[in-house]
Amino acid sequence: MQFLKVDDAVLHYQVIGGPENGPVLVFANALGTDFRIWRDVIVRLVGKFTILTYDKRGHGLSETGEGPVTIARHAEDLAAIMDHAGLGSAVICGLSVGGLIAQQLYIDRRDLVSALILCDTAAKLGDADSWNQRIAKVEANGISSLADTVMANWFTAQFRADRSEELAGYRTMLERQSPNGYIATCAAIRDADLREKARQIGVPAICVVGDQDGSTPVEMVGGLAKAIPGSRFEVIKGAGHLPCVETPERLADIILVFVGGLENRATLN
């Protein structure tokens, strides 16, 4: 395991080496998860990329730190890890709030972003009332009070019926997150609005969404794709909010094709 002190928090990350001078791929996680959600995607990509995964501030084995947590602060954390690891420019793959972090990283540190894979996300997620209600519920009753609703949004009905052991494991992952860290990132999402900035993204991008996503529906993610100049849009059948868990082989294929296209473009140029 690898750890780095960034400002007032120790952050957990992992770098998996790849081909020398090959592409670098960075994964940023959803709210209420740690970097294990990417495992079944990563095993299909190992050896083709240098890969960075990490637990964002307040999640997994990463500390929350003191003071307000914003999407900009999350992006600063990721930049610090990338700089520390000497990774340089990378393809950033962010899911849900991880997609907001990826967009913010492009805004703040364009030198670190060669392309974007934005999964089940948008430039503005929800409204203030819904996030304030969620924060109040966690403060009063803990993260477990949200678990049934979150599982229904994360996963399709078929997954919940047929893969009950995995469902139990991901429910436990959610419930074991730091309540303070979860609340802090809820507030960060509530306060983030990158809609104007999304229209200024100037690197290759693809927006991906599960066709049964209960958190960021197809229409929402499609709107992000329309906002980003020249971006591609892909809908994954049979997936909810976490296609990296439910259909990892399909997401891995999308990543391989997308990054392969970037490499072909670079060769032609």
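Begin this tour of a predicted model at the second largest pocket, whose volume is about 190 Å³. To display its lining, select H12, D34, F35, R36, D55, G60, L61, T172, M173, R176 and Q177. Coloured by class, these residues divide into three nonpolar, four polar and four charged.

**The largest pocket**

Next, turn to the largest pocket, with a volume of about 480 Å³. Its lining comprises 23 residues, and the selection to make is L31, W131, R134, N153 and S215, the closest of them to the pocket centre. Which helix gives the most to this lining? Select α4, which contributes five residues. The helix α4 spans 128-141, and it may be shown together with α5 (147-154) and α8 (179-191), since each of the three supplies at least two lining residues. Colouring the lining by class shows 11 nonpolar, 10 polar and two charged residues.

**A residue on helix α8**

Remain with helix α8 and select D191, which is found in it. Is this residue buried or exposed? D191 is exposed, because its relative accessible area is 57%, above the 50% cut-off. Add D127 to the selection: the two residues are 64 apart in sequence, yet their C-alpha atoms are 8.8 Å apart in space.

**The loop residue S96**

Move now to S96, in the loop that runs between β5 (90-95) and α3 (97-108). S96 counts as buried because its relative accessibility is 9%, and the limit for that term is under 20%. Select H241 as well, and a polar contact of 3.0 Å appears between the side chains of S96 and H241. To complete the surroundings, display A30, C119, D120, T121 and L125, which S96 also touches along with H241, when residues up to four places away in sequence are not counted.

**The nonpolar core**

The last stop is the largest nonpolar core, which has 96 residues. Select F27, M82, L116 and I255, the residues with the most contacts inside this core. Then highlight helix α12, residues 248-268, which gives the most to the core, with seven residues.

Finally, centre the view on F27. What is F27 in contact with, once its neighbours within four places in sequence are left aside? The selection to make is W38, V41, I42, L45, I51, L52, T53, Y54, C93 and I255. One of these partners, I255, is itself listed with F27 among the core residues with the most contacts.

Methods. Residues are numbered from 1 along each chain as its sequence is written. This is a predicted model: local features need pLDDT of at least 70, side-chain atom pairs count only at pLDDT 80 or more; totals for chains, interfaces and linings use all residues. Side-chain values use heavy atoms; hydrogens and water are left out. On a 1 Å grid over the protein atoms alone, a cavity is a set of points where a 1.4 Å probe fits but cannot get out, and a pocket is an open set with protein on both sides within 12 Å along at least five of seven lines; lining residues have an atom within 4 Å of a point. Grid points are joined across faces, edges and corners, and a volume is the space filled by probe spheres set on the points. Helices (H or I, at least four residues) and strands (E, at least two) are DSSP runs, numbered from the N terminus. Ala, Val, Leu, Ile, Met, Phe, Trp, Tyr, Cys and Pro count as nonpolar, Asp, Glu, Lys and Arg as charged, and the others, Gly among them, as polar. A nonpolar core is a set of buried Ala, Val, Leu, Ile, Met, Phe, Trp, Tyr and Cys residues joined through side-chain atoms within 4.5 Å. Buried means under 20% relative accessible area, exposed over 50%, partly exposed in between (1.4 Å probe, protein chains only). Contact means heavy atoms within 4.5 Å. A polar contact is a pair of N or O atoms within 3.5 Å; within protein, one must be able to donate a hydrogen and the other to accept it, and residues adjacent in sequence count only if both atoms are side-chain atoms.
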